[in-house]
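New to this one? Here's a quick briefing to get you oriented before you start scrolling around.

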Amino acid sequence: MPAITPTQLSALQKNLKNIRNICILAHVDHGKTTLSDSLLATNGIISSKMAGKVRYLDSREDEQERGITMESSAISLYFKLVRASTEGEGNVASEFLINLIDSPGHVDFSSEVSTASRLCDGGLVLVDVVEGVCTQTISVLRQAWIDKVKPILVFNKMDRLIVELKLTPQEAYLHLIRILEQVNAIMATFFTGDLMEDEARKVEAEKQNEDWHGEERDDSDIYFDPSKGNVIFASAVDGWAFRIQQFASIYFKKLGFKESVLQQCLWGDYYFDAKAKRVIQHKHLKGRNMKPMFVQFVLDNIWAVYDSVVVQQNRERTEKIVNSLNIKVLPRDLRSRDTQTLLTAIFSQWLPLSTCVLLAIIGQLPPPVEAQRIRIPKMLYPDVQQNDNEPLKPTNDVETALYACDASENAPVVAYVSKMFAVPADLLPENRRKQMTAEEMRERGRRQRALRAALEDKTNNEDNGVPLDSETIAQLQAEADREKEEEERKAKEEIKGERIIGFSRLYSGTIRVGQKLYVLGPKYDSRYPDQHCSEIKVESLYLIMGRELEALPEVSAGNVFGIGGLEGHILKNGTLVSTKEHVSNMAGVRMEASPIVRVALEPADAADMDRLVEGLRLLNQADPCVEVLLQETGEHVILTAGELHLERCLRDLKERFAKIDIHVSPPIVPFRECIVGADLPPAKDTENGQIPRGMQEIQSSSKNITLKVRTVPLPELVTEFLNQHTSTIKSIVEQKSVKKAVDEDDLLQQVTLDAGEKVLSPEEFQSILREKFSEAQKQGGPLAPLWENIVDQIWSFGPRRIGPNILVNRIPGYIRKPFFQIEKTGNKSESDVRDDHADEVLEVQQQNDSEEALGILDVDFPVHTGFQLSTLAGPLCAEPVQGVCYIVHGLEIHQEESDSADVRSKLALIQGKVISAMKEACRQGFLDWSPRLFLAMYKCDIQASAEVLGRVYGVISKRKGKIVSEDLKDGTPFWQIHALLPVIESFGFSDEIRKRTSGAASPQLVFSGFEMLDEDPFWVPTTEEELEDLGEKADKENLAKKYMDTVRKRKGMFVEKKLIEHAEKQRTLKK
């Protein structure tokens, strides 16, 4: 039973100054959940002896099995701080409420980290002192920086320096300094990056490039420094932690210093001269061999405890240490052979972890009132330059309430729902079995006794023939039956299914059960208040206590809470408000890990399809990173961030959401198709002489139209630029397609909300694209003349009108409006352009004056459609194409082939045949060049010791990966390996690495983009040498052909495969 009841915790929610909202952030396996266990033990939620073993906040079964956190979970803790009164005698007690969120460290669940950090004002960033700064450490520090979460650095697993690495205190001190410098260097890169962005914005705004000068900005408060109190040294598994302040308060009287002075000197290049009783620096040592004060007064003492308890197990020395520390250890603990028990007994009294961490949280991290003043302006106006010392001033009542964290009755309600999570319905507080009060039990007993007595009277009177009052008996019997039926109904009606709860933070106002609020979706814009907005009634409010929820009648501003009644209104995240005036949208978390692993699902029994669809709907809501799609083929596909994430999603579907057997396809990995010049000549020989490579002249099957299209590869820098700015192309296309008179900036802003990256204006995008093509022209080559004025002739981008391929219009007599010109053209009466083409086409020179005759305007849309379709599904294996330019050189219409009266009636048929002709022209042009596949790649980070390095390399090379870099981490025996690995080869990679290295190495895989596989899938060995190395009997296979055939086979396309193996045996294999 917790020492603190939920009722007491909910009472503390109203005192804003004493609330702290914090999250625990770190790389995987750096000790987050173990640390949170020690904090939970202070509230009596778990036993202090079990802290670190229970991992209470890992409430899922698979989290306990694997020993890693997969979902961020919250809990509210109570902490009572007693301080000496400043005025006079006695002590003053303050009660604090700490809302703690434990987040995952595995890269597959990095979206859970971003949902947690958006709700918090401060964070504990843990670093394993042996492994040092890892990839996810940098990611979580960046996330904290973006969300303006104030961090405290925790050096965890200090015991490993003593027990595993066997470092001396001096070596450990130098090792800690090195890690601290690395972390501070990372913080400095974030700071300088922001500073340069702000300066660039200023220059752009003022257009003063000539006299540009950088502004000095104070960065002292962003760094970690033990003397400031924002660094904790800890060992969560042994239950101890300290800050330098604790040792300063112990030693300042003995050494005769002021406590504040000693605190400054206990970390850094300071030495204590015992004879002179003063602190000296390194330059005054004069050759003397002295230890830094941190080593002498802090580390030596901790090392001495470990040395006597764990290393040498010297009982007499241990007893002396216990006496000198003036702590009480039970004799049975001293005699115990389990060193862990004795260590915990000593440290829990000398340097208790929970007290140190909670004091640091209260002293260093801001309450909601202070934090929101800095964080909210950044959330509402992310692109406006801001200084933390001078935050933006509020412009309306809602902003005033938000900045001040106003919890008053009249304040507008603004809450942010960062994610939705599923809870089994029978675990909700309203559905739990309620314990009867003593009075209710007595009342029930009285009724049953009366009924029993009445029935006994009836049986006694049967012999005498004196009937009991029939009405009384009927009444008692009916009451008994009613109670019985009620109990049976409740037992039958066992509550099943899952309920979706919103994981939220209230920024202003007070929410009550039954209150009506508006839900703003991620695409909501205040200029269009009725779009992406719906009204809900708050069904329930919950205090989140790890695995359990406690019902609340109301929640005040500044708190983290759970809210029911949002199902069907919010998909992943959203904003809750009580008014539509002056409110801004806070939703939209940028995903660090994009979902790349996709699988198709189908139920084992076709009759369960409805349950699968319902299960996928729940999964889509309950997981912030998963994407659920219904493909054109009718397949139900889920996209996940990685193999582990996929495993968790499938387990949830089978056991919780759908509760059916599911067949899962092999993972579907995306590829891209492109072309390269290789060593091919720029022109090719045909019957009609030489023509440029890629040029195709195709006649439609109806013989009405001849298309002349040339296919060429785009320059690499142009393709790269188009890939990076997909959202800009999307915004231009949307601005062009929108028919309403919407202001250009408004629409651009709407699109920006939706996209993660920066959106350029059409003019900026056009000028940069022009520069890229002119650079390509300067580089020369046979295709350089084609890039002349190409930007003005762009017809469209593809696939889906936003991809990295270009359709160029060079049809004589057909002039289109430049792609980047968004405003409507003025006078269209001069040209013969129809109304439906007026926004796109400037001028058309008609070949035939007859209105009935077929014209270019009848077939320009089909040409465009053919381009979009051919880039969406390339010729190799129907995967999207990238980096290809299709230039339409001519579109000839043969009027004599068709009767003009007949043309209009068959127009739809002709247009369909034009689409087919265009697709064929693109396909043949593509195959004229040397085709290539782009593979999706993972960036792989592995930390391993020198003994297992060879095995790690073996696994990577077996899976077609390549090593990018390898570094020995200073002060540790570990190597940091960075590699690139194709996603298609990555399934089972983590398990294989762990098996081959006996668990000594564990990889982190992050999607890094697409990379070309420089092999032609159609290449055939011809020379004798090539046939020996790469022929049919050779060991080496054509990888590109293997991948291409795999995808074709999966899609049901034709695969060229010989069905006879070893012809001398005359054995034919079946398909």
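What follows covers the chain as a whole and then the spaces enclosed inside it.

Keep in mind that this is a predicted model. The chain runs to 1071 residues, and 50% of them count as buried. A search of the whole structure turns up six cavities of 30 Å³ or more, and the biggest of those gets a closer look below.

**The chain overall**
- On the secondary structure front, you'll find 31 helices and 37 strands.
- Take the contacts with a separation of 6 or more: 73% of them link residues 24 or more positions apart.
- About 53,200 Å² of the chain is exposed, with carbon and sulfur atoms supplying 49% of that area.

**The largest cavity**
- The largest cavity holds about 70 Å³ of space.
- Its lining includes Glu71, Phe421 and Ala422, along with Leu619, Ala622 and Asp623.
- Arg648, Asp652, Arg656 and Phe657 are also part of that lining.

**Where the lining comes from**
- Three elements each give at least two residues to the lining of the largest cavity: strand S10 (414-424), helix H19 (609-622) and helix H20 (643-657).
- H20 has the largest share, with four residues.

**What the lining is made of**
- Which kinds of residue line the largest cavity: nonpolar, polar or charged? The split is five nonpolar and five charged, with no polar ones.
- Glu71 and Arg648 are among the charged residues there, while Phe421 and Leu619 are among the nonpolar ones.

Notes
Residues numbered from 1 in each chain as written. Predicted model: local features only at pLDDT ≥ 70, side-chain atom pairs only at ≥ 80, totals over all residues. Heavy atoms only, no water. 1 Å grid on protein atoms, 1.4 Å probe; cavity = no way out; pocket = protein on both sides within 12 Å on 5 of 7 lines; lining within 4 Å. Points joined across faces, edges and corners; volume = space filled by probe spheres on them. Buried < 20%, exposed > 50% of the residue type's maximum accessible area, 1.4 Å probe, protein only. Contact = heavy atoms within 4.5 Å. Areas by Shrake-Rupley, 256 points an atom, 1.4 Å probe, with all protein chains shown as cover.
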